[in-house]
2 protein chains.
Amino acid sequence: MIQGSSKNELEEVLIPQLQFSKRGGLLPVIVQEFDSGQVLMLGYANEEAFQKTLKVRKATFWSTSRKKLWTKGETSGNYLLIKNIMVDCDQDAIIYQVELMGDGVCHTFNQKGKNRKACFYRNYTIEKNELEFIEGME
Amino acid sequence: MIQGSSKNELEEVLIPQLQFSKRGGLLPVIVQEFDSGQVLMLGYANEEAFQKTLKVRKATFWSTSRKKLWTKGETSGNYLLIKNIMVDCDQDAIIYQVELMGDGVCHTFNQKGKNRKACFYRNYTIEKNELEFIEGME
């Protein structure tokens with residue numbers, strides 16, 4: 001993918017020119033449930049992770065904690081099947097719209113002992129300056 | 001905000017400990033329309049931008065291109081009013097759920113000459129390895 005293009009060449013074109021280098025090799029990836037629109041998690045992809053996602057049609061990331069390529073679900077079988085991919089105006093942010101296999105994407109567990117559906121399970125309350133669990137995601 | 005806490009202290013607590021330092025001072029912010037669930041854009045917030053968002057209840061970012069604090073709409077009047085804020089398990093990603101003033105959040109224009117509603121106006125087609133405009137957002 002060509003990098004270092006001018007703004008308009010990124011915004012109105014149909015040729016992908018994802019700007020990995022602009023963000024130090026990693027672009028943020030919003031993972032959204034295709035059917036509901038719920039935002040499930042935010043991950044990061046380098047070019048290898050993105051290309052693997054295209055190839056296997058399962059959400060693949062660069063794990064910034066484990067520093068390795070990571071196809072979500074590769075150990076559990078709970079893959080995130082790619083239904084659609086979107087890129088933003090300046091091609092430095094990505095959305096994976098997915099169908100969720102298994103209980104949830106989050107490594108944390110709810111009170112029933114199941115993986116939480118989404119990593120975004122708490123609201124930030126402005127009034128109290130506190131977090132609060134979203135109902136049903138405790 | 002305290003930083004450098006252990007994992008479980010971040011995941012199950014109600015005390016905000018946003019991990020700005022973990023990500024070089026900037027956390028990714030997913031901007032989602034509150035009513036529809038549509039993802040409008042991805043921005044970044046440093047602690048100052050986040051605190052200003054809490055104070056003025058309008059989505060505020062650190063502009064990585066202009067390198068300044070940026071309350072979206074401060075010149076156009078087309079603010080993003082904060083309806084809800086969410087944080088993820090390890091407190092290093094944020095969602096601003098907003099009500100959109102004006103036509104759209106994107107600096108690019110559609111064929112009617114109006115700001116596009118969302119920065120995510122193109123799909124990445126796996127089959128063709130091309131971008132395509134989403135219907136109605138050309």
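## Two chains and their shared interface

N123(A) stands opposite M86(B), a residue of β5(B). The pair belongs to a predicted model, and the strands around it are a good place to start.

Strand β7(A) is joined by 2 bridges to strand β5 of chain B, which covers residues 80-87. The two strands run antiparallel.

**One chain**

Chain A holds 2 helices and 8 strands. From the N terminus on, their order is α-β-β-α-β-β-β-β-β-β. Along the principal axes, the C-alpha atoms of chain A fill a box of roughly 50 × 40 × 30 Å.

**How the copies are related**

A turn of 180° and a shift of 0.0 Å along the axis lay chain A on chain B, with an RMSD of 0.0 Å. The two copies are thus related as by a two-fold rotation axis. The same surface serves both copies, and 100% of the contact residues of chain A recur in chain B. Which residue of chain A comes closest to the rotation axis? That is G37(A), whose C-alpha lies at 2.6 Å.

**The interface in numbers**

The size of an interface is often given as the accessible area lost when the parts come together. Here the area buried between chain A and chain B is about 4,500 Å². Carbon and sulfur atoms give 61% of that area. Three residues, F120(A), R122(A) and Y124(A), supply 16% of the area that chain A buries against chain B. No other three residues supply more.

The counts between the chains are set out below.

| Item | Value |
|---|---|
| Contact residues from chain A | 52 residues |
| Contact residues from chain B | 52 residues |
| Salt bridges between chain A and chain B | 4 salt bridges |
| Polar contacts between chain A and chain B | 30 residue pairs |

**What chain A brings to the contact**

Several elements of chain A each supply at least two residues of the side that touches chain B. Among them are helices α1 (7-11) and α2 (47-56). Strands including β1 (27-33), β2 (39-45), β6 (94-100) and β8 (130-133) do so too. β5(A) gives the most to this side, with 5 residues.

How many residues of each class does the side of chain A that touches chain B have? By class, there are 32 nonpolar, 9 polar and 11 charged residues.

Charged residues also meet across the interface. R57(A) forms a salt bridge with E127(B). Their closest N and O atoms are 3.6 Å apart.

Note on methods:
Residues are numbered from 1 along each chain as its sequence is written. Chains are lettered from A and ligands numbered from 1 in the order in which they are written. This is a predicted model: local features need pLDDT of at least 70, side-chain atom pairs count only at pLDDT 80 or more; totals for chains, interfaces and linings use all residues. Side-chain values use heavy atoms; hydrogens and water are left out. Copies are superposed by least squares on the C-alpha atoms of residues with pLDDT of at least 70 in both. Contact means heavy atoms within 4.5 Å. Buried area is the accessible area (1.4 Å probe) that two parts lose on being put together, summed over both. A salt bridge is a side-chain nitrogen of Lys or Arg within 4 Å of a carboxyl oxygen of Asp or Glu. A polar contact is a pair of N or O atoms within 3.5 Å; within protein, one must be able to donate a hydrogen and the other to accept it, and residues adjacent in sequence count only if both atoms are side-chain atoms. Helices (H or I, at least four residues) and strands (E, at least two) are DSSP runs, numbered from the N terminus. Ala, Val, Leu, Ile, Met, Phe, Trp, Tyr, Cys and Pro count as nonpolar, Asp, Glu, Lys and Arg as charged, and the others, Gly among them, as polar. Two strands pair if DSSP finds at least two bridges between them.
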